[in-house]
Every structure is written in structure tokens, then in C-alpha cells.
Amino acid sequence: MQSLLNVSLLLLAMMPTHPGHDPIRYTISPSLKDQQILVKISAPTRNATTLKFVMPKWSPGSYVLNGSASSVKDAVAKSETGASLDIKKDDEITWSIATN
């Protein structure tokens, strides 16, 4: 469960703050039964055709590579209307989502 919590904290650490832009919103739902955490991310497209999500290989305050991205399972992407969007894992820490 600790590694799952680390993944959630890493996702929160990735949240950018840009004045004048809609924020990226995260919803985190832990499941003690499954020892998993469901993370939902709502991100504005800002007219981009592709969004990229990247998880760092490290934790803030640590000098150790942890590879938390390998714990991500069953990644899916949906539009505001609920339509499925194409999601592709570009490398071990990066996912691309086609927004149209």
C-alpha cells in the first residue's frame, strides 16, 4: 500500500499551476481491499490534439529511482461526454492521449 500512496503523491506533485488556465484536477480513491488506488485526472485540452502525462522516476526529497510508473494498470481515457479516447504508452513513464 505504501508504494501506491507514493504513486498518488507523485501524481499530486506533477500538478502544474498556471494562472489564467483551468486547473488539472485529481480524484484519488484508495481501495484497502485491493491495495490499489484509483486516480482520476481531469485535464483541460486547451485546444491541444494530444495530451502527454509523465510520471517522474523519483520522489521529491529522495535520490533514489523508484519506478512508480510501472505500478500503473488499466489506464483509460475518456472525453467529457464519456467517449473513449486513444491512449498510448510512449515509454516507461509517459502516456499520450489523443483528444479528438
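In which strand does Ser-96 lie? Ser-96 belongs to strand S7, which covers residues 94-98. The legends below begin with the whole chain and return to this residue.

The model is predicted, so that local features need pLDDT of at least 70 and side-chain atom pairs count only at pLDDT 80 or more, while totals for chains, interfaces and linings use all residues. Residues are numbered from 1 along each chain as its sequence is written, and side-chain values use heavy atoms, with hydrogens and water left out.

**Figure 1. Overview of the chain, with one helix and seven strands.** Helices (H or I, at least four residues) and strands (E, at least two) are DSSP runs, numbered from the N terminus. Along the sequence, the elements follow the pattern α-β-β-β-β-β-β-β. Of the 100 residues in the chain, 22% are buried; buried means under 20% relative accessible area, exposed over 50%, and partly exposed in between, with a 1.4 Å probe and protein chains only. Contact means heavy atoms within 4.5 Å. Among the contacts in the chain with a separation of 6 or more, 44% are between residues 24 or more positions apart.

**Figure 2. Confidence along the chain, with a mean pLDDT of 79.** The pLDDT is the predictor's confidence in each residue, from 0 to 100. A value of 70 or more is reached by 79% of the residues. Over residues 4-10 the pLDDT stays under 50, and the model has 16 contacts beyond four places in sequence for this stretch. Residues 12-17 also have a pLDDT below 50, with 10 contacts in the model beyond near neighbours in sequence.

**Figure 3. The open sheet of three strands, in the order S3-S7-S6.** Two strands pair if DSSP finds at least two bridges between them. The pairing in this sheet is antiparallel. S3 and S6 are the edge strands, and each pairs on one side only. From one strand to the next, the twist averages 25°; axes are lines fitted to C-alpha atoms, for helices over the stretch in contact, and angles run from 0 to 180 degrees between N-to-C directions. Strand S3 (residues 50-54) is joined to S7 by five bridges, and Val-54 has Thr-94 in S7 as its bridge partner. On S6 (residues 87-91), four bridges lead to S7, with Asp-91 opposite Thr-94.

**Figure 4. Surroundings of Ser-96 in strand S7.** Four of the five residues of S7 are buried. Ser-96 counts as buried because its relative accessibility is 8%. The side chain of Ser-96 makes a polar contact of 2.9 Å with the side chain of Lys-52. A polar contact is a pair of N or O atoms within 3.5 Å; within protein, one must be able to donate a hydrogen and the other to accept it, and residues adjacent in sequence count only if both atoms are side-chain atoms. Leaving out residues up to four places away in sequence, Ser-96 touches Thr-50, Leu-51, Lys-52, Asp-86, Ile-87, Lys-88 and Asp-90.

**Figure 5. The largest nonpolar core, a set of five residues.** Its members are Leu-51, Phe-53, Ala-77, Leu-85 and Ile-97. A nonpolar core is a set of buried Ala, Val, Leu, Ile, Met, Phe, Trp, Tyr and Cys residues joined through side-chain atoms within 4.5 Å. In soluble globular proteins, nonpolar side chains tend to be buried together. Apart from neighbours within four places in sequence, Leu-51 is in contact with Ala-43, Pro-44, Thr-45, Trp-95, Ser-96, Ile-97 and Thr-99.

**Figure 6. The hairpin of S6 and S7, with two residues between the strands.** Ile-93 is placed in the loop between S6 and S7. This residue is buried because its relative accessible area is 19%. The C-alpha atoms of Ile-93 and Met-55 are separated by 5.3 Å, although the two residues are 38 residues apart along the chain. Beyond four places in sequence, Ile-93 touches Phe-53, Val-54, Met-55, Lys-57 and Ala-69.

**Figure 7. Two loop residues with positive phi, Gln-35 and Asp-74.** Gln-35 is in the loop between strand S1 (25-31) and strand S2 (36-42), and its phi is about 55° although it is not a glycine. Asp-74 is in the loop between S3 and strand S4 (77-78). The phi of Asp-74 is near 55°, and Asp-74 is exposed, with a relative accessible area of 73%.
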